[in-house]
Each structure stands twice: as structure tokens, then as C-alpha cells.
Amino acid sequence: MSAAGATRNKEVASFRTRLFTAIMLIVATLTALGFYLAQRRVAADAERNLQQTFQTELSSMHKLEELRHAALADRCNALVAKPRIHAAIEDDAIDLLYPSAKDELRDLMEGEEPPPEETAQSLHARFYRFLDNTGAVIKPPNASDVGELDAATEAQLSLKELPSTQQIGYIQSAGDIHEVIAVPIFSTDTGDLVSALVIGFKPLELENKHTGMQSGIWVDGHLHLPALAPSAVTSLNEKVTIALANSESEQNYFRVEVAGAPQLLFHKRLNPGSLFPLAYEICVYPLAAWTAQLHRLRWQIGGAGVLLLLGGFVASHFVALSMSAPMKKLALDSEENRAERERAEAALASTAEELERSTRYSADASHQLKSPMTVLRIGLESLLEREGFKPEVYEELSTLLHQTRRLTGVIDDLLLLSRMDAGHLQIASKPVNLSQLVDEWLDDLGALADSPDVKIEKEFPRGLFVAGEKRYTSLIVQNLLENARKYNRAGGRIRVSAHGNGSEVVLTIGNTGRTIPPGENIFERFHHSSSPSAASGHGIGLNLARELARLHRGELRLIRSENDWTEFEVRFSAENGVNAAG
Amino acid sequence: MRGLGLLSLSAILSAIPASLLASGAVEGRVELPKSRSAPVQAKRYEIVTKAGVLSTQPPLAVVYLDGNFPRPASLPTKEVAQKDLTFVPALLPIEVGTKVEFPNLDDQYHNIFSYSPVKRFDLGRYRPEERPIPSVTFDQPGLVTLRCDIHEHMRGLILVLNTPYFVMTDTAGRFRLDKLPAGHYTLKAWVDSRTTREKPIDLKGGETLHVDLP
């Protein structure tokens, strides 16, 4: 037992280890998966958030820019509607053009350039020029009045033709950049395009102090981004120039490294369709904070993953322990169960053996008994047929013969029972006319010499068929009728009734006389009544009848025994179709 | 009294040069461009610009006798008012040397200026009560476009002529110029800022010529 216990403990321990390993594997896998997904999710979320923030900021910046452009355009349109400017152009007084404009544009040109943070609200102009009908700049008589420009810069203001709509351009000038708005001037007399006014402004340098987003302008291979160091601008300019050369879309973004720091670079066409060279707004958005945040988040998620793993470790340890406890118990239980089963099987085997032995014995005994009984009976009968004995001898012989016959009946019954017990008895089921069978037996009953004076009542239809073997069905009926006669009283009665009941035929046999005390198992083999009785039985009749009834898939039971009336009921299987008419 | 009157009349007549005494006249019709709008009964007309050409609406022409005439010592002052945000009259023919006053009859500022090569001036902003009434003397012949710096749509024309003999046609183009000196001249009709028709004429004293300028 202790050796088995040790093995069992070992097995349980090994089970626990395997369970623990399995749970740990699952927990680790889930944690890793969770970590991976969470990390991916966080990265995607962060990127989306970044995009949104970026786009929001950009769009607010662009709103500002648009507002400014709208304000500038308004101002310019008002300017070019001025009668003096028109008069100078239309009334052939070009010499008066700049002097007239000087007055009109005084408010734009006056004062100092505002600081960068106020550029958005300021309409301060740096310079202005008029274009003649070929698109070339009309030279101002006095450059100091209209904002001095070097020849190269001024040349950039000339257009290959006069613009019919307002144009926005960006021009390079000695490390600075000018935003210019060219407004067409249509003659009020002819409606023809006669001139254009080009006004230069300081471009809006959008810088978001909060996020560190900085904007600049790229035009004609030059990047103007004053917020960055010149060396950074130079290297960035190369990347931007290449990217813009390959980009078809009006706006796009990509990641760049500026001075070793990751940045998101956004570019957007500032003046699509303009007669001026194409310019792009360049915004750089430092990703350092974002990367740091992402890093922090990753660490947090990683930490959470490790904690989760540890928790899972501990939890799976406990789970393995708690699950292996019932396993242990189960192992113990199953051992006990096995022992019990073995015992039960052994008992069953011995019972079967005993049963077989007893059955064989019963059969053997029956056969062994039957032959001497026959010899005895024949001997007695031949003796009885002889003459010359005293009358007492005949009487004695007659009694002996009677007893012998009875014994033969008992032996027959025992033989039948033993065959049934051994499972050797098989019935050949055929339609049996129960009505006829009962009638025959009732006739025999009446003919018996020792019949007491009993009245017989019959109540069954003719031609009631049951499924069975006639021999055994007859035996059942005989047994019950004999009992009804045997245990009856003088002047009593026997009532036999039968009726079909669907798939069954119910035969009821009742008789007057002594009742059976409750609790007495009359169907037991070799049963003997507890109360003394004149009637004698060998105690296997009812048992045999019931066994036979069951063999016929029927049943025999005592349904009543009180007040001078005992009634048995046998149920037979109805013979299909045969009773339909009955 | 009567004899004195006749004497004084003959005295005046004797003072006038002989050529002028033989006064002739020209009448006729200028073919005017077709007016797109219905004939206007009122005397008001305005300056319109079509394809860069300034003209009056409804169309009117100024017929004048081009020639070399002695400059008078003094000329009467003319007037172009600003009324209801227009120049009245919209087209004013004058002789060189005429002083034109520009009274402001509106209840707001006007600022008349001209960038025309013939006469550049800028009267600045002034209110109706401005005195003396701002004026300009036009000493070069040609067409002057009047503009208002405050009201960009306002246009007025002053046709400065080198002759004292000019008249505006009616809306049908009919005209009559009389008290003209005899001689060989060119009769011109200004129709719009780009069109001036002309015809040489010989004027004799006491005669009325009929000239159509198609």
C-alpha cells in the first residue's frame, strides 16, 4: 500500500507539474499576444492621434493663412479700383502711376515691419510694383517710395503675361522670402486687362510654440525655414527638393531626421496654378515628444505585461495546486473504486458460478429423480392392478400412487424451473386460444374427484387469443385454477374473467376462501404459507406461473386478497390482429 | 434818342473787323451713332465708355469750326457742376483759355481730378460750401477726362477747342453755327473720344451753308 501510495503521490506531483507548465504556457502566450496587440494598438493610436493633432494644427494655421490672404486680397482689390490708379493707366499718365499709388498705398507701406508673431494680423507691405501690359515690371521713378529691391528680385516679379486672376507667389531674395500677391487691373473704360499690381509681404511664418511645429517655404529649390539652423536647413532642403520632385499630390508628409531628431515633415502647395514659380509650405513637426511618449507607453505596457506574467505565474501555481488536489482525491477514489469493482466482480462471478451450479444441480436432480419416480409409479400401478391383496393394502397402494404422481408433478415443475433459470427454456410463440384453454381446464376442474362444492362463474368472450406457447400458457392457467379450487371453501365460488385490453389480454381469476395475509411472499420459490391449511402445495406453482408469465412478456400478480376473496391477474401479450374482432 | 441809338449801333459795327461783318452760317446734320436706349426727353445726358471710347449717352456731337482765330482778351467762365454723383453737363466744349468752375451741388465730398495730358489737375476734396468755387483754366486744346477720386464711376468730358465757334448738336444730330466769318475752314464734328469727322468748307458772308457730316 505504501509503495502504491508513493507511486500515486509521484503521479499527482507530475500531474501538478504538467498542469502548472501548461497554464504557464497559456498565460505567457496570452500575455505576449496581449502585449504585442496592445503595443501595436497603442502605436497605431498614437500615430493616429499625432496625425489628427498635426492636421488640426495645420488646418488652423492654414485658416490663419487663408484669412490673411483674403484680407490682403481684399485690400489689393480695393487698391486697384482706385480712380487715380485707373486714371494714370487709362488716361495715359504712367508717370503719375507710382505717385498716385504712393498715396493710395501709404497705409500699407508705412511703419515698420511687425514682429513675426504679429505678421498674421498685419497687412504691412514690403514693396509694390506695377506690371505693364506685357507683364513686365514698370520701373518706379523713386524706388525708396515703393520698397527697394535688388535687380534680381525685381526681375522675379515680372510675369510672362498679365494675370487675369489674383496670383500668389513666393520669391527668393538674399536669404529672405517674400510673399507676393499680384492683382489684375482691368480698365474701367474698356474692361481690358491693362496692368497688374504686385505687392510684396512678409510671409506668414507659422510656428506653434506649444508643439514646436515650424513652418517654412520652399520655392525654386530654396528652403526658407528660419526657425532651423542653416546647416539643418541645407540638409533638409535636399530631401525636400527630392521629395517634391517625386510628389504628384498637392500635399503629403513623410518622416525625416533633422539634426538627428525625428520629425514629421508636411508639404503643401501654396500657389497651385500660379504664374509665379510653384512654392510649397513646409512644416516640420518634431516627433521627439511623441517618440518619448510612445517609449513610455511601451515601457508601461511592458511593465504591465511582466506584472501580468508574474500574476499569471502565481495564479497558475495556485490553480495547479488546487486542481491537483481533487486529482489526488480522484486518484485515491478511483483506486478504491477499482478495488470495489474487483470485489463486486468476484462476487458476481461466484454468484453466477453458484447459480450455474445450482441450476445444473436442479436439472441433474430432476433427471436423477424422474427415472426412479417413474419406476416407482409403474410398480405401484402394477401392484394395484393385482388381485388378492387385503383392502387396506389397496388403499395404502392408492395413497402411495397418489403421492408418487404428486412427486412427479413437483419434479416436472422443478425441471421446468431449472431450465428457465439456466435460460434454456425458449418459447415458440403462437396464437393460443385462451378462452378455449380456460374452458377445458374448468371442465377438468369439475371432473376432479376431490372438488369441493364451488360455483364457477365465467365472464370472457370466446376466441380470445394470446401470444405464447400453449403448453406453458396452459400451465399458468392450470396453476391458478387449481389454486382457486384448492384454497376455496365449501360452498364458495370461482370467477374467471378475461378481456382484451389493447396490446394485452387480462385474465382474472378470483376465488372465495381464506385470504393471504399481507406481506406474505407467495411468489417465492418453495414458499409455504405461514398459516396452517388443509390444502397442501409444494410451493413452486405460483413461482413457476409467474416465471412463465414473464417469459411470455406478461405478468402475474395478486391484486386482491381480503374479505373472503382472493384474486389473481395475469396479463398476456395479445396476439396481434387476432383479437381485433373480439 | 433814336438817332443816338442808330449812331451807337453803327459805331459798334464799325469797330468789328470787316471779315467778321460778312457773317455766314452753317447748318446740317451729324450722323450720330445709334442710341441703344430710348430717346431721352430730359436734357440730361452722361458720359459712357464703350470699348475704351468715351461718348455721351444719348449720343451728341460737338460741331466746331477749326481755324486760326484771334484769341479774345477775356472769356466767360463756364461751369461743370457735380450733382447727384454726376458731372453736369457731362460734356462741356470750351474755347482754350476758358476758366471752368466746378461747384459741388451734392451734399458730400467730391474730388475732381484729371490725369489727361491736356490738363492735369487735382482739386482735392471739397464740400459744397467751398469758396471760392474750385476752378481750372484750360489752356491747351484737347479732351480732358474728369474723374472723381471718391466716386470712381463718375466721368466728365471737357472738350477744349482752339476756336470760339462751336455748338452741340441735338439728339438728332442737327446743328446750326452762325455768325461765322467768311473764309476757308474745316468744319469738324467731335462724335466720341476717338471719332472726329471733318469737312472743308468755304464760308461767304451772308450765306448759310448746309453741311452734313455723315
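Buried residues make up 26% of the 582 residues in chain A; a residue is buried if 20 or more other C-beta atoms, placed from the backbone, lie within 10 Å of its own, exposed if 12 or fewer, and partly exposed in between. The structure is a predicted model, in which local features need pLDDT of at least 70 and side-chain atom pairs count only at pLDDT 80 or more, while totals for chains, interfaces and linings use all residues. Residues are numbered from 1 along each chain as its sequence is written, and chains are lettered from A and ligands numbered from 1 in the order in which they are written.

**Exercise 1. State how many helices and strands chain A has, and describe how helix 2 and helix 3 of chain A are arranged.**

Step 1. Chain A has twelve helices and 18 strands. Helices (H or I, at least four residues) and strands (E, at least two) are DSSP runs, numbered from the N terminus.

Step 2. The axes of helix 2 (residues 83–90) and helix 3 (residues 97–104) of chain A come within 9 Å and cross at roughly 175°. Axes are lines fitted to C-alpha atoms, for helices over the stretch in contact, and angles run from 0 to 180 degrees between N-to-C directions.

Step 3. Helix 2 and helix 3 of chain A are therefore roughly antiparallel to each other, a term for angles over 145 degrees.

Step 4. From helix 2 of chain A, R84(A), I85(A), A88(A) and I89(A) meet L97(A), S100(A), A101(A) and E104(A) of helix 3. Residues are in contact if their C-beta atoms, placed from the backbone, lie within 7 Å.

Step 5. The residues of this helix contact divide into five nonpolar, one polar and two charged. Ala, Val, Leu, Ile, Met, Phe, Trp, Tyr, Cys and Pro count as nonpolar, Asp, Glu, Lys and Arg as charged, and the others, Gly among them, as polar.

**Exercise 2. Describe the pairing of strand 3 with strand 4 of chain A.**

Step 1. Strand 3 (residues 167–173) and strand 4 (residues 176–186) of chain A pair in the antiparallel sense over seven bridges. Pairing requires that DSSP finds at least two bridges between two strands.

Step 2. Within this pair, I168(A) stands opposite I181(A) in strand 4.

Step 3. The two strands form a hairpin with two residues between them, and A174(A) in the turn has a positive phi of about 45°.

**Exercise 3. Determine the strand order of the open sheet in chain B and identify its edges.**

Step 1. Four strands of chain B form the open sheet in the order 15-4-17-18, with antiparallel pairing.

Step 2. Strand 15 (166–168) and strand 18 (195–203) of chain B are the edge strands, each pairing on one side only.

Step 3. On average, neighbouring strands of this sheet are turned by 20° against each other, direction ignored.

Step 4. Strand 4 (residues 62–66) and strand 17 (residues 183–192) of chain B pair over five bridges, and D66(B) stands opposite T186(B) in strand 17.

**Exercise 4. Characterise the side of chain B that touches chain A.**

Step 1. In total, 13 residues of chain B are in contact with 13 residues of chain A.

Step 2. Strand 10 (110–116) and strand 13 (142–148) of chain B are the elements that give two or more residues to this side.

Step 3. The residues on this side of chain B divide into five nonpolar, four polar and four charged.

**Exercise 5. Classify the exposure of P117(B) and K458(A).**

Step 1. P117(B) is found in the loop between strand 10 and strand 11 (119–126) of chain B. P117(B) counts as partly exposed because it has 13 C-beta neighbours inside 10 Å.

Step 2. K458(A) lies in strand 13 (residues 455–459) of chain A. With 13 other C-beta atoms within 10 Å, K458(A) is partly exposed.

Conventions:
Two residues are in contact if their C-beta atoms, placed from the backbone, lie within 7 Å. Angles under 35 degrees count as roughly parallel, over 145 as roughly antiparallel, 65 to 115 as roughly perpendicular and the rest as oblique.
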